[in-house]
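Visitor: I would like to understand how the words used for a structure follow from its values. Could you take me through some of them?

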Amino acid sequence: MRKKIIAGNWKMNKNLEEGLALASEVSNMVKDEYQGSAWVVLIPPALHVSGVSKLINGMPKMYAGVQNCSNHKSGAYTGEISADMIKSTGASFVIIGHSERRQYFGEHNDWLARKIDAVLEAGLTPIYCCGETLEEREKNAHFTVLEKQISEGLFHLNEIQMQQVVIAYEPVWAIGTGKTASTAQAQEIHAFIRGLIAKKYNTAVAQEITIQYGGSVKAENAAELFAAPDIDGALVGGAALQSRSFTDIVKAMP
Ligand code: PEP
């Protein structure tokens, strides 16, 4: 059965002390209150990931990740962080292609495909983000946009590599806006993405891949979203910045 994963993307929030305190609170709450089977991934700013990894080391179901990574292995790339460096901190997951990276840092599908390769080569798990803008949805272009993001970012992978990837569907109009896609809207897209994978690879691969939903997920809407057959967890932004709200989202996954 495919893995259920709830990940908290802290974005550029929390200094080191605050971040370690949040990680400690979340890990204690998850340990004491959560009996379900989902994996929980804490994704702090990269500077804090080594400390967060140490703090959760040995805890079942808990992992750490980062929000971006270089497509290069090493060398003269000032300010960049390589996948091998990330791996050496104990982190396991890397977000690739978050809409904020696409929008503010000009990251395009072909560039992201190379980052996916770097992450997989280091033995880490990429969380590949895709999603349409409000304008694209209003023009009814969302299926085309998603197909392009998925095929250009991922479909150069072979079957084995593809099965290592986690996908996060995050409609841009729902990120940080308080507007969640309805469960029906999210399920429709998740099923569409799974269908694209089945067509390119096969049904077995498509059924193995975790597809998270992201966009204003809160404790109040998480259970309904998680009950949909193709929604395998969440990538959480704002609500991941507080231990109580994030843990309550985790607890909504059986
Ligand atoms: C995100 O940034 O990935 C996200 C989904 O943010 P929020 O939960 O705040 O909408």
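Guide: We shall look at one arginine and then at the ligand, keeping in mind that this is a predicted model.

Visitor: Why is arginine 194 called buried?

Guide: Arginine 194, which lies in helix α9 (residues 183–200), has a relative accessibility of 4%, and because buried means under 20% relative accessible area, arginine 194 counts as buried.

Visitor: What makes the pairing of the side chains of arginine 194 and aspartate 230 a polar contact?

Guide: The two side chains are joined at 2.5 Å, and since a polar contact needs a pair of N or O atoms within 3.5 Å, one able to donate a hydrogen and the other to accept it, the pair qualifies as a polar contact. The side chain of arginine 194 also makes a polar contact with the side chain of aspartate 232, at 2.8 Å.

Visitor: Which residues is arginine 194 in contact with, leaving aside its neighbours within four places in sequence?

Guide: With those neighbours left aside, the contacts of arginine 194 are Arg2, Ala206, Gln207, Ile209, Ile211, Asp230 and Asp232.

Visitor: How do you know that a backbone atom of glycine 176 makes a polar contact with the ligand?

Guide: A backbone N or O atom of glycine 176 lies 2.6 Å from an oxygen atom of the ligand, and because the cut-off for such a pair is 3.5 Å, this is a polar contact. For glycine 237, a backbone N or O atom lies 2.8 Å from a ligand oxygen atom. The protein covers 96% of the 290 Å² of accessible area that the ligand has on its own.

How values were computed
Residues numbered from 1 in each chain as written. Predicted model: local features only at pLDDT ≥ 70, side-chain atom pairs only at ≥ 80, totals over all residues. Heavy atoms only, no water. Helix = DSSP H or I, 4+ residues; strand = E, 2+ residues; numbered from the N terminus. Buried < 20%, exposed > 50% of the residue type's maximum accessible area, 1.4 Å probe, protein only. Contact = heavy atoms within 4.5 Å. Areas by Shrake-Rupley, 256 points an atom, 1.4 Å probe, with all protein chains shown as cover.
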